[in-house]
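Trainee: Please walk me closely through the interior of this protein, then follow the thread outward from there. Keep it informal, and tell me how you get from one point to the next.

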Amino acid sequence: MLEITRRRGLATVGTALIAAATGCAAAVRAEEAWPQRPVTIIIGFPPGTATDSVGRLLADRLSRSLGQRFIIENRSGQGGSIGAAAVARATPDGYNITIGASAPQAINPHIYPDLPYDPRKDFTPVEQLVQLPYMLVAGKHTAFRSVADIVDKARAQPGTVTYATIGNGTTSQLMMAMLAKEAGVRMTHVPYRGTAQSLTDIVAGRVDITFDTMIGTLPFARDGRVRAIAVGTKARVPIALEIPTTAEAGFPGTQGGAWLGVFGPAALPAPVVRRVHTEIEAVLADTAFQRAIAEMGAVMDAAGPEDFAKIVRDDYNRWGEIVRVTGTRLE
């Protein structure tokens with residue numbers, strides 16, 4: 001009887017070892033095989049936004065280096081949350097990923113009460129890509145040439161200064177909320193679906209100002225369609241050193257920006273995470289890619305899965321406090 005028990009035990013151990021070996025082999029195959037078919041990169045913002053621009057540049061480079069199509073699918077709305085939700089529901093196999101941003105991952109959960117995902121549980125952080133400096137610009141129809149000009153009018157005529165954003169719960173809205181809070185003024189929020197739409201209305205004289213990514217605003221400022229006022233960064237941005245910071249303008253508390261990074265659904269297998277991370281890191285190391293990112297007005301800031309996960313956690317807490325202090329809400 002003891003002998004039979006022993007043999008059964010050995011058989012059980014043997015089965016476990018075979019299963020473990022099989023699992024390891026499968027994991028290696030998964031890592032080596034990806035991608036065997038087209039990969040969809042879901043973007044939660046419209047074409048023309050910073051997230052879309054960086055996503056398309058990355059998709060093009062990955063398509064060329066891996067010999068598979070990387071397809072951009074724009075699912076915009078709710079400050080990027082609709083696209084994020086689509087990836088949270090996707091099969092965790094590496095064929096549906098997203099270029100996530102600060103808004104859907106760290107800001108929106110503090111503003112939208114019923115998001116269909118939890119950014120702390122429903123995603124696998126894979127790679128941080130870039131930081132996006134934000135720039136305050138004004139329409140040429142206004143007399144604004146400095147932050148002080150904007151604040152002075154907002155104090156003298158509360159609510160008459162209008163500001164465009166790319167939607168409720170976005171970094172764009174939070175940057176304006178920080179300025180209004182620090183200056184002690186009230187301005188009127190006009191949300192849009194994307195950067196192209198908001199800037200078009202600023203050029204047309206329908207809205208006064210916006211605080212948006214330099215990727216979106218700098219081309220409009222350079223060709224004279226809008227007036228650059230300030231950047232919300234600690235130091236001046238190398239690509240536009242002539243533009244002062246908000247701190248230099250007397251508002252050091254109005255400072256921030258956004259990051260962009262790649263996420264998969266929760267439970268994305270570790271071998272797939274490693275492969276996606278490795279391939280993206282190779283693209284980020286390319287000098288031509290880095291030059292293209294800099295020319296857009298973004299700043300390279302790569303971070304691997306573990307570091308990126310910590311960045312997301314810390315940013316979730318930081319933006320939650322900013323939402324609370326500024327009293328930002330749905331409008």
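**From the core outward**

Mentor: Let's start at the largest nonpolar core, which has 82 residues; Leu129, Leu132, Leu136, Met187 and Ile209 are the ones with the most contacts inside it. Strand 4, residues 123-139, supplies the largest share of that core, with 8 residues. Set apart from it is another core of 15 residues, including Met135, Val207, Leu218 and Ile243. Keep in mind throughout that this is a predicted model.

Ile209 is a handy place to stand and look around. Ignoring residues up to four places away in sequence, Ile209 touches Leu136, Val137 and Ala138, then Phe144, Ile150, Val161, Thr162, Tyr163 and Ala164, and finally Met176, Met187 and Ile202. Two of those partners, Leu136 and Met187, are also on the list of residues with the most contacts inside the largest core.

Now step over to Thr217, which sits in helix 8, residues 214-222. Thr217 counts as buried because its relative accessibility is 0%, and the cut-off for buried is under 20%. What does Thr217 touch, once its neighbours within four places in sequence are left aside? Its contacts are Met135, Val137, Leu199, Thr210, Asp212 and Val226. Met135 should ring a bell, since it is one of the residues of the 15-residue core, and Val137 is also touched by Ile209. Thr217 has a polar partner too: a polar atom of its side chain lies 2.9 Å from the backbone oxygen of Thr213.

Another buried polar residue turns up in a loop. Asn168 lies between strand 5 (162-165) and helix 6 (171-183). With a relative accessible area of 13%, Asn168 falls under the 20% limit, so it counts as buried. For a sense of distance, try Asn168 against Ala302: they are 134 residues apart along the chain, and their C-alpha atoms are separated by 27 Å.

From here, move to helix 9. This helix has 15 residues and runs 21 Å from first C-alpha to last, close to the 21 Å expected at 1.5 Å a residue. Its buried residues are Pro271, Val272, Val273, Arg275, Val276, His277, Glu279, Ile280, Val283 and Leu284. Notice that Arg275, His277 and Glu279 are in that list alongside residues such as Val276 and Ile280.

Follow Val283 and you get to Arg61. Arg61 is part of helix 2, and, leaving aside neighbours within four places in sequence, its contacts are Val283, Asp286, Ala288 and Phe289. Arg61 is at 18% relative accessibility, so it comes in under the 20% cut-off and counts as buried. Side chains of opposite charge can pair when their charged atoms come close. Arg61 and Asp286 do meet in a salt bridge, 3.0 Å from N to O. That pair ties together distant parts of the chain: Asp286 is in the loop between helix 9 (270-284) and helix 10 (287-296), Arg61 is in helix 2, and their positions lie 225 residues apart. While Arg61 is buried, Asp286 is partly exposed, with a relative accessible area of 31%.

Helix 2 has another salt bridge to show you. Asp60 pairs with Arg64, and their closest N and O atoms are 2.7 Å apart. Both residues belong to helix 2 (residues 50-66) and are 4 residues apart, about one turn of the helix. Asp60 is partly exposed at 38% relative accessibility, whereas Arg64, at 58%, is exposed.

You'll find that spacing again in helix 11, residues 305-326, where Lys310 and Asp314 are 4 residues apart, about one turn of the helix. Lys310 and Asp314 form a salt bridge with their closest N and O atoms 2.7 Å apart. Lys310 is partly exposed at 44% relative accessibility, and Asp314 is partly exposed at 39%. The structure holds 13 salt bridges.

Now zoom out. The protein contains 11 helices and 10 strands, and its C-alpha atoms fill a box of roughly 95 × 40 × 30 Å along the principal axes. Of its 331 residues, 53% count as buried. Among contacts with a separation of 6 or more, 79% come from residues 24 or more positions apart. As for the outside, the accessible surface is about 14500 Å², and 55% of it belongs to carbon and sulfur atoms.

Terms used:
Residues are numbered from 1 along each chain as its sequence is written. This is a predicted model: local features need pLDDT of at least 70, side-chain atom pairs count only at pLDDT 80 or more; totals for chains, interfaces and linings use all residues. Side-chain values use heavy atoms; hydrogens and water are left out. A nonpolar core is a set of buried Ala, Val, Leu, Ile, Met, Phe, Trp, Tyr and Cys residues joined through side-chain atoms within 4.5 Å. Buried means under 20% relative accessible area, exposed over 50%, partly exposed in between (1.4 Å probe, protein chains only). Helices (H or I, at least four residues) and strands (E, at least two) are DSSP runs, numbered from the N terminus. Contact means heavy atoms within 4.5 Å. A salt bridge is a side-chain nitrogen of Lys or Arg within 4 Å of a carboxyl oxygen of Asp or Glu. A polar contact is a pair of N or O atoms within 3.5 Å; within protein, one must be able to donate a hydrogen and the other to accept it, and residues adjacent in sequence count only if both atoms are side-chain atoms. The expected span of a helix is 1.5 Å times one less than its number of residues. Accessible areas come from the Shrake-Rupley method with a 1.4 Å probe; for residues, only the protein chains shown count as cover.
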